[in-house]
Amino acid sequence: MDKHEGRDAGTIRLDDPWYDALAVGWGEGESAGAGEGPGGAAGGGAESSPPTSSPDGAPARAASDIYLEVQRSAAFQEVRGRYRRFVVPATLGFFLWYVAYVIAATTAPGMMARPVFGSVNVALLAGLGQFLSTFLLTWAYARHARLRRDRAALDLRWTVFEQEQVRRADAGENTRGRGAGR
């Protein structure tokens with residue numbers, strides 16, 4: 001974070017790649033003009049239309065082009081694949097475990113009422129197992145994200161942040177203006 005001088009002195013500017021002020025209005029395409037949707041002037045977006053070329057005459061890259069390029073990249077696909085490889089089986093497994101508990105409780109009340117020790121029966125242990133499995137799954141998800149996805153996702157985010165900075169510099173935009181200071 002940086003403090004800056006001028007009219008907005010005292011406000012703090014976030015130079016954080018996780019801060020999405022740069023992504024405001026991306027994805028609307030070239031047709032989003034004034035008054036149309038989040039990217040237009042009436043919609044409160046950051047800019048009304050992107051410049052068509054950089055000062056050297058080369059076509060300027062729109063923010064949406066950068067995001068689409070990253071989305072198509074092998075690194076992004078790998079992060080998404082790692083996410084899906086954990087979440088889909090975990091969700092299916094937990095859902096099946098929950099449905100098995102409900103079905104057993106409704107179709108086999110005798111089995112669920114069978115005492116295990118003292119007044120603790122199978123149904124009580126299975127119900128407590130539901131809570132325990134929820135906490136274990138949450139822990140496993142957080143661990144998987146930390147070890148397998150977070151670093152790669154942050155690297156992608158920094159890549160997008162750097163490309164957006166280059167795009168803005170090429171387009172001659174003021175990087176401290178427009179919604180960046182908060």
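User: Which residues in helix α1 (residues 63-72) are buried?
Analyst: First, some background: this is a predicted model, in which local features need pLDDT (the predictor's confidence in each residue, from 0 to 100) of at least 70, side-chain atom pairs count only at pLDDT 80 or more, and totals for chains, interfaces and linings use all residues. Residues are numbered from 1 along each chain as its sequence is written, and side-chain values use heavy atoms, with hydrogens and water left out. Helices (H or I, at least four residues) and strands (E, at least two) are DSSP runs, numbered from the N terminus, while buried means under 20% relative accessible area, exposed over 50%, and partly exposed in between (1.4 Å probe, protein chains only). With that in place, the buried residues of α1 are Ala-63, Ser-64, Ile-66, Tyr-67 and Val-70.

User: How many degrees of arc do they cover around the axis of α1?
Analyst: The arc is that of the directions from the helix axis to the C-beta atoms. These residues are on the same side of α1 because their arc around the axis is only 160°.

User: What do the buried residues of α1 pack against?
Analyst: Packing here goes by contact, which means heavy atoms within 4.5 Å. By that rule, the partners of α1's buried residues are α2 (74-107) and α4 (122-171).

User: Which element gives the most to the largest nonpolar core?
Analyst: A nonpolar core is a set of buried Ala, Val, Leu, Ile, Met, Phe, Trp, Tyr and Cys residues joined through side-chain atoms within 4.5 Å. The largest one has 7 residues in all: Ala-63, Ile-66, Tyr-67, Val-70, Val-79, Leu-156 and Val-160. At least two of these residues come from α1, and at least two from α4. With 4 residues in this core, the element that gives the most is α1.

User: Why might nonpolar side chains be found together?
Analyst: One core residue, Leu-156, touches Val-70, Ser-73, Ala-75, Phe-76 and Val-79, not counting residues up to four places away in sequence. As a rule, nonpolar side chains in soluble globular proteins tend to be buried together.

User: Is Val-79 buried or exposed?
Analyst: You'll find Val-79 in helix α2. Not counting residues up to four places away in sequence, Val-79 touches Arg-149, Ala-152, Ala-153 and Leu-156. Its relative accessible area is 12%, so Val-79 is buried.

User: How many Å separate the C-alpha atoms of Val-79 and Ala-152?
Analyst: Along the chain, Val-79 and Ala-152 are 73 residues apart. In space, their C-alpha atoms are separated by 6.8 Å.

User: What is the C-alpha to C-alpha distance between Asp-150 and Val-79?
Analyst: Asp-150 belongs to helix α4, and with a relative accessible area of 42% it is partly exposed. In sequence, Asp-150 and Val-79 are 71 residues apart, while in space the value is 8.7 Å.

User: Which residues does His-144 touch, not counting those up to four places away in sequence?
Analyst: His-144 sits in helix α4. With a relative accessible area of 15%, His-144 is buried. Leaving out residues up to four places away in sequence, His-144 touches Arg-82, Phe-86 and Arg-149.

User: Which residues do salt bridges that share partners join into one network?
Analyst: A salt bridge is a side-chain nitrogen of Lys or Arg within 4 Å of a carboxyl oxygen of Asp or Glu, and a search of the whole structure finds 2. Arg-82 pairs with Glu-78, their closest N and O atoms being 3.0 Å apart; both lie in helix α2, 4 residues apart, about one turn of the helix. Glu-78 also forms a salt bridge with Arg-85, with the closest N and O atoms 3.3 Å apart. Through these shared partners, the network joins Glu-78, Arg-82 and Arg-85.

User: What pattern does the chain follow along the sequence?
Analyst: The chain has 4 helices and 4 strands. Read along the sequence, the pattern is β-β-α-α-α-β-β-α.

User: Over which residues does pLDDT stay under 50?
Analyst: The average pLDDT of the chain is 75, and 61% of the residues score at least 70. For the stretch you're asking about, the model has 32 contacts beyond four places in sequence, and pLDDT stays under 50 over residues 30-51.
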